[in-house]
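Q: Could you take me through this structure one feature after another, with the general idea stated before the case at hand?

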Amino acid sequence: MMGVRCGRCSTEFPVEGAGRYPCPACGAVNEVRGAAGPEPSLTVPQPTPPPTQPSPRATCLECAFTFIVGNLDVVPCPNCGADVAVGRNP
């Protein structure tokens, strides 16, 4: 057993060794790695950054549902099934 500090809220809690452990105070998942020194290295996994450009979207003219589309000319609306002209060429 060893004590580590949460990377988010700095609460100290016991762990059994290397692995991923939720903080008992804030719930953040902390990753404990084996280290050469007496204290393990502790990191909080960071979320993936958003894409630099937003995904293209289309709006269905039948039901006004907006959804993400790919590189297609016409796609079916996932809400009502109507064909939606996107105007892109593959």
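**Reading the model**

A: About 6,500 Å² of the protein chain is exposed, and carbon and sulfur atoms supply 52% of that area, where accessible areas come from the Shrake-Rupley method with a 1.4 Å probe and, for residues, only the protein chains shown count as cover. This is a predicted model, in which local features need pLDDT of at least 70 and side-chain atom pairs count only at pLDDT 80 or more, while totals for chains, interfaces and linings use all residues. Residues are numbered from 1 along each chain as its sequence is written, and side-chain values use heavy atoms, with hydrogens and water left out.

Q: How many helices and strands does the protein chain have?

A: Helices (H or I, at least four residues) and strands (E, at least two) are DSSP runs numbered from the N terminus; here the protein chain has zero helices and nine strands.

Q: How do strands β1 and β2 run where bridges join them?

A: Two strands pair if DSSP finds at least two bridges between them, and in this case four bridges join β1 (residues 2-5) to β2 (residues 12-15) in an antiparallel arrangement. Glycine 3 stands opposite proline 14 in β2, and within the six residues between the strands of this hairpin, serine 10 takes a positive phi near 65 degrees.

Q: Which residues of the aromatic pair are buried or partly exposed?

A: Buried means under 20% relative accessible area, exposed over 50%, and partly exposed in between (1.4 Å probe, protein chains only). Phenylalanine 65, at 34% relative accessibility, is partly exposed, whereas phenylalanine 67, at 8%, is buried.
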